[in-house]
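Hi everyone, thanks for coming. I'd like to walk you through a structure that may be new to you, so please have a look at it first.

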Amino acid sequence: MAQIYCVANQKGGVGKTTTTVNLAAALAAIEQRVLLIDLDPQGNATMGCGVDKRALPHSVYDVLLGNCTAVQAMQSSPAASFQVIGANRDLAGAEIELVSMEQRENRLRNALADVQEQFDFILIDCPPSLGLLTLNGLCMAKGVIVPMLCEYYALEGLTDLVNSIKQVHANLNRDLKIIGILRVMFDTRVTLQQQVSEELKQHFGDKVFETIIPRNVRLAEAPSHGLPGVVYDPSAKGSKAFLEFAEELVVRNGGKLPKNGTKVTKAATSHAVPIGLVKPSSS
Ligand SMILES: Nc1ncnc2c1ncn2[C@@H]1O[C@H](COP(=O)(O)OP(=O)(O)OP(=O)(O)O)[C@@H](O)[C@H]1O
Ligand SMILES: [Mg+2]
């Protein structure tokens, strides 16, 4: 049975996409079967996996609206050994189009019901809001991974997210729970970050992942090459942290790590065309 996790935080720019893309590649490197679903009209996760969001034959928008099956919208990431259902600006309209539809919050879950068995992990990159798109992710998921910056206002935003998750749990999805809070873009030299990190530990206990993702420029550079950081530079400290995080997740789930260790496949790297800056006029 697939572990289905939303990577969610309604705050913008807190590392959701970086976490989803790198975790997908890191899990693939330890022989897990992974599907990444991009639920954000920005399509950053799609591009970060080396898939051109401007040239998607079918996207998650088509899946949500029933224009195609999940299998039709799935494609292999050219960057690493996992599958992707991509997103682009088409998805921005879905938030409104879904409102009048039957089963509007369960459309993703229903569409993916038949393919779940093919994967060990399904990771959903959510947009920075708690609207219908995120709700579709939360209704399908078994858990939420919350990437968080260890800064003053972060804790405040967390309360809203926790309340939303509680509401979804009570009314729509009894399986949903917070899997853990992931401290990201962490800088050990900043005292405030250490203090917030400590507070998080005191408040949320073992809901805070052991692994900490450091601030690391290689992770920020990787998307412009259409690659997850863990593939772009597996030896960078940010990449190593994501590889550790993948192991932490697998072990937490009672899974086994491969005997021959982590294998970051660079095989397909040559297909991943550097994407460069996306012009404002394109989707
Ligand atoms: N550990 C890190 N070290 C350095 N830069 C990082 C790290 N994690 C993320 N970034 C950078 O921070 C920015 C925001 O990250 P990201 O896009 O993953 O956030 P997000 O939560 O998905 O944003 P949005 O809410 O817009 O979807 C990006 O430029 C990314 O490259
Ligand atoms: Mg994002």
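**A short tour, beginning with Q10**

Let's start in a loop: Q10 sits between β1 (3–7) and α1. Please keep in mind throughout that this is a predicted model.

Is Q10 buried or exposed? Its relative accessible area is 18%, and buried means under 20%, so Q10 counts as buried. What surrounds Q10, if we leave aside its neighbours within four places in sequence? The residues in contact with Q10 are P128, S129, L130, G157, D160 and L161. G157 deserves a second look, as its backbone oxygen lies 3.0 Å from a polar atom of the Q10 side chain.

Now to the ligand. There are 18 residues around ligand 1, and the ones that come nearest are G13, K16, T17, T18 and N216. Let me take three of these one by one. For G13, a backbone N or O atom lies 2.9 Å from an oxygen atom of ligand 1. T18 uses its side chain: a polar atom there is 2.5 Å from an oxygen atom of the ligand. With N216 we are back to a backbone N or O atom, this time 2.9 Å from a nitrogen atom of ligand 1.

How much of ligand 1 does the protein bury? Taken alone, the ligand exposes 630 Å², and 79% of that is buried by the protein. Three elements give two or more residues each to the shell around it: α1 (16–29), β8 (208–214) and α10 (217–221). Helix α1 gives the most, with three residues. As for the character of the shell, we find seven nonpolar residues, seven polar ones and four charged ones.

Let's move on to the nonpolar cores. The largest has 51 residues, and I37, I85, L112, I122 and I124 have the most contacts inside it. Which helix provides the largest share of this core? That is α8, residues 154–171, with six residues.

I124 makes a nice place to pause. Not counting residues up to four places away in sequence, I124 touches I4, Y5, C6, V7, T20, I37, L39, L108, G137 and M140. Apart from the core just described there is another one, of 44 residues, including V184, L227, Y232 and F242.

That's the tour, and I'm happy to go back to any part of it.

Notes: Residues numbered from 1 in each chain as written. Chains lettered and ligands numbered in written order. Predicted model: local features only at pLDDT ≥ 70, side-chain atom pairs only at ≥ 80, totals over all residues. Heavy atoms only, no water. Near = heavy atom within 4 Å. Polar contact = N/O pair within 3.5 Å; in protein donor to acceptor, adjacent residues only side chain to side chain. Areas by Shrake-Rupley, 256 points an atom, 1.4 Å probe, with all protein chains shown as cover. Helix = DSSP H or I, 4+ residues; strand = E, 2+ residues; numbered from the N terminus. Nonpolar A, V, L, I, M, F, W, Y, C, P; charged D, E, K, R; others polar. Core = buried A, V, L, I, M, F, W, Y, C linked by side-chain atoms within 4.5 Å. Buried < 20%, exposed > 50% of the residue type's maximum accessible area, 1.4 Å probe, protein only. Contact = heavy atoms within 4.5 Å.
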